[in-house]
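Here is a short tour to read with the model open beside you. Take the headings in any order you like.

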Amino acid sequence: RDEVFNPNEPVEKVKVLNFNRDNYGVIEEYVKYKEKNASDCHSDPLFSQIPVLSARRKLNEILKLNTGKDNGADMKYEELATQLLASLFYPHLDFAQTQSRTDSGRHIRDLIFYNNRDVDFLDEIFTEYDNRQLVFELKNVKKIERDHVNQLNRYLQPNIGRFGVFLTRNPLPKAMESNIVDLWSSQRKCIIAITDEDLKMMVDVYESKQRAPIEVLKKKYVEFRRSCPS
């Protein structure tokens, strides 16, 4: 099945058998190739992804949380979101570190990833914004406000890069959308927001394996750039 030429085409047993019969030599060589390279299929000793069922469970726990800090909801949100994002973005974003304190000790970034630059989008982020690492601010709030944007903006320094991400519950208010577009226009800094709905999409593609969850982040970036003045 091809996502471009015949997307969503049903897999019919007879059609598959006929294809294998008509292309016996190709199938045989493919099987030999996969068996020969089976030894390359081993677990990464540096990271262990959460299973699909756990990803869905953590998503559901996040969606049930109230916004704000009551009953430690903000801390629970950060804990669940960190575990979920670390698995969803692996291996493209790696070596996640939480609560990373800056040299001055005054600023604490919620979540920071190393940018492996192994997909076109992340390579563009490195080239355009100098991001060897990506900063995520985890905000369990009803809406992102100007102080939140200013805080993330302060983190986007030369040692990090000029691209940052909010993980928050709802889409940005119109005023904050205008704010981050102005920030891009004046300083070429890029801030995008990942919401509950985006997290749902990430878990869906993580389960289906049709796409990589990092492409949801790419989608949000493309949408943001299209909203910016040329």
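## Confidence

In this predicted model, confidence varies from element to element: strand 5 (residues 190-194) has the highest mean pLDDT, at 97, while helix 2 (residues 24-36) has the lowest, at 74. For the chain as a whole, the mean pLDDT is 86, and 86% of the residues reach 70 or more.

## Overall layout

The chain contains 9 helices and 5 strands. Followed along the sequence, these elements run α-α-α-α-β-β-α-β-α-β-α-β-α-α.

Of the 230 residues in the chain, 39% count as buried. If you look at contacts with a separation of 6 or more, residues 24 or more positions apart account for 66% of them.

## The largest pocket

The largest pocket has a volume of about 280 Å³. Its lining is made up of 14 residues, and the ones closest to the centre are Leu 172, Glu 177, Ile 180, Lys 220 and Phe 224.

Which elements should you display to see the lining? Helix 7 (174-187), strand 5 and helix 9 (214-227) each supply at least two of its residues. By character, the lining divides into 8 nonpolar, 3 polar and 3 charged residues.

## Two buried charged residues

Lys 189 sits in the loop between helix 7 and strand 5. Its relative accessibility is 9%, below the 20% cut-off, so Lys 189 counts as buried. Which residues does Lys 189 contact beyond its neighbours within four places in sequence? They are Asn 153, Leu 156, Gln 157, Arg 162, Ile 180, Leu 183 and Trp 184. One of these, Leu 156, is 33 residues away along the chain, yet the C-alpha atoms of Lys 189 and Leu 156 are separated by 7.7 Å. Ile 180 also appears in the pocket described above, among the residues closest to its centre.

Asp 196 belongs to helix 8 (residues 196-208). With a relative accessible area of 11%, Asp 196 is buried. Leaving out residues up to four places away in sequence, Asp 196 touches Ile 62, Leu 63, Thr 168 and Arg 169.

## Cysteines without a bond

A search of the whole structure finds 0 disulfides. Why is there no bond between Cys 190 and Cys 228? The sulfur of Cys 190 has its closest cysteine sulfur in Cys 228, but the two are 6.8 Å apart; a disulfide needs sulfur atoms within 2.5 Å, so this pair is too far for a bond.

Both cysteines are worth finding in the viewer. Cys 190 is buried, with a relative accessible area of 0%, and Cys 228 also counts as buried, at 10% relative accessibility.

## Backbone details in the loops

Most residues other than glycine have a negative phi, and most peptide bonds are trans. With that in mind, a few places in the loops deserve a look.

The peptide bond from Tyr 90 to Pro 91 is cis, with omega near 5°. Pro 91 lies in the loop between helix 4 (73-89) and strand 1 (93-101).

Asn 71 has a positive phi, near 60°, although the residue is not a glycine. Asn 71 is in the loop between helix 3 (52-64) and helix 4, and at 84% relative accessibility Asn 71 counts as exposed. Asp 130 likewise has a positive phi, of about 65°. Its place is in the loop between helix 5 (120-129) and strand 3 (133-139). Is Asp 130 buried, partly exposed or exposed? With a relative accessible area of 42%, Asp 130 is partly exposed.

Conventions:
Residues numbered from 1 in each chain as written. Predicted model: local features only at pLDDT ≥ 70, side-chain atom pairs only at ≥ 80, totals over all residues. Heavy atoms only, no water. pLDDT = per-residue confidence, 0-100. Helix = DSSP H or I, 4+ residues; strand = E, 2+ residues; numbered from the N terminus. 1 Å grid on protein atoms, 1.4 Å probe; cavity = no way out; pocket = protein on both sides within 12 Å on 5 of 7 lines; lining within 4 Å. Points joined across faces, edges and corners; volume = space filled by probe spheres on them. Nonpolar A, V, L, I, M, F, W, Y, C, P; charged D, E, K, R; others polar. Buried < 20%, exposed > 50% of the residue type's maximum accessible area, 1.4 Å probe, protein only. Contact = heavy atoms within 4.5 Å.
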